[in-house]
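Welcome! Take a moment to turn the structure around on your screen, and then let us walk through it together.

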Amino acid sequence: MTSNAKAAHRSRRPARTGSVYIAVLGASMVIALIAITASSTGRLTLRSASMAEGSRRAARHAESGVDYALGWLNSHPDWRTALASGVLSAAVLPDPTGGGSFRWSVTDADGDLADDPRDHAVLRSIGYSGDSVWAVEVGIEPAGRSLTCLEATMHAATTATLANSSQVNGNGVLSAGGEVTANSASVGLDAESASTINGGTFHGASTEGLPARESPGGHVFDWYVSRGTEIELTSLPDASGVYQLHNARLGRSINDYGEANPRGIYWIDCGGADLSIARSRLLGTLVLLNAGPGTAVSNASLLQTEALNYPTLLVDGNLSVDLRNALVGQQLVENFPYNFNPFGFPYEGGEDIDSLDTYPSRIDGLIYVSGALRFTDDSVIDGVVVAGSVEVASSKIVQALYRPYASYYPPPGFSAGQGVRLLPGTWRRIGL
């Protein structure tokens, strides 16, 4: 080997050694980085698992808080005066050995727990476990008993008036918080009044001076609106300022104006305008808010509730009822293209694609009208009627058949007493 070759050979040895060193150093750094990453991932995993367990414990404490609060409320008849609306309780330790706690509060619908025993409220429970917090809310309402108005076939908070030659037939009780007046009219029900009973022919017992029956409070509509589907007033035809819900079908499986509500609950804010309901079929609950003075159910309709402990019709305002068609009487007759029992919306088990069927024109279930309820033509009611006042027009006949189901199982908003129960479908988690 020449001297130059030897020199070149010697000069390459340090470069190879340096490359190996760099490679070993790089591999060591990669291994160290992997180890650090694995360690960090492990710590994050442990921390995540710890946080998840903390959240689970906080959730359990929040649920325990609801159970605890219900027990406390139902064992303290004076809870409406003992508690302040919306104020959290002191911390309660559900398991002193396991750590964690909960606090709870009750918020009245109008912010005042003591002003009205018929008001519903919201029960909030907050669970704590370490740094984890879990909060839930659920609606509650009085559960001691049904309102006494549900024990009557037809109840008026103020007066009940039957004009000349009119009739109210059926069974049960016609009651009023004020006078019952029948001007040359016939009453086939027992008559009760917290005031006096005047005129007419009463075929049943007549009793004056009784304690006034209870009617719902001002928040009776709230639960149904919160669970219902709105039908925009402006989506309905407008005929000279009167909005029309005509030839309509509403129920759990059908809504001619949009998405069907799984509970069959629908509400319309009339905004003081008049609404006309005619030639329609309801199998559910319809709520009318701010109804105009000319709001009416007329010209034959079949209104029923599918859930027996839900009302059929709730009206904030006045309502006129005329369930008689001038041509065919008290019948709802299909007329092409309208079909009131399409597939998925049967009537008494029958469903089809034609427009050839006939249905009775009537209202079945509980009706509540906060203002004046006027029967302007012959009508059939199968259930319970509760209103601010009741009037029957001259020479008209109302067939009122009492059904006690609502009294046995009062709908939301129609119970009273110091005990409470959960409102179905209101449980939810909230953020703080």
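**Following one strand and its partners**

A good place to begin is a single pair of residues: isoleucine 140 has leucine 422, in strand β33, as its bridge partner. Keep in mind as you look that this is a predicted model. Strand β33 spans residues 420–422, and three bridges join this strand to β3, with the two running antiparallel.

Now let your eye settle on β3 itself, which covers residues 132–142. Nine of the eleven residues in this strand are buried, so β3 is mostly covered; buried here means under 20% relative accessible area.

Strand β3 has further partners. One of them is β34, made of residues 428–430, which is antiparallel to β3 and joined to it by three bridges. Here you can find glutamate 137 paired with arginine 428 of β34.

Another partner is β2, residues 121–129, which also runs antiparallel to β3 and is linked to it through nine bridges. Within this pairing, serine 125 is matched with valine 136 of β3. Together β2 and β3 form a hairpin, with two residues between the strands. Look in the turn for glycine 130, whose phi is positive, at about 60°.

Finally, step back to the whole protein. You will find four helices and 34 strands. Of its 432 residues, 45% are buried. Among contacts with a separation of 6 or more, 54% are between residues 24 or more positions apart. The accessible surface comes to about 20,000 Å², and carbon and sulfur atoms account for 54% of that area.

Technical notes. Residues numbered from 1 in each chain as written. Predicted model: local features only at pLDDT ≥ 70, side-chain atom pairs only at ≥ 80, totals over all residues. Heavy atoms only, no water. Buried < 20%, exposed > 50% of the residue type's maximum accessible area, 1.4 Å probe, protein only. Contact = heavy atoms within 4.5 Å. Areas by Shrake-Rupley, 256 points an atom, 1.4 Å probe, with all protein chains shown as cover. Pairing = 2+ DSSP bridges.
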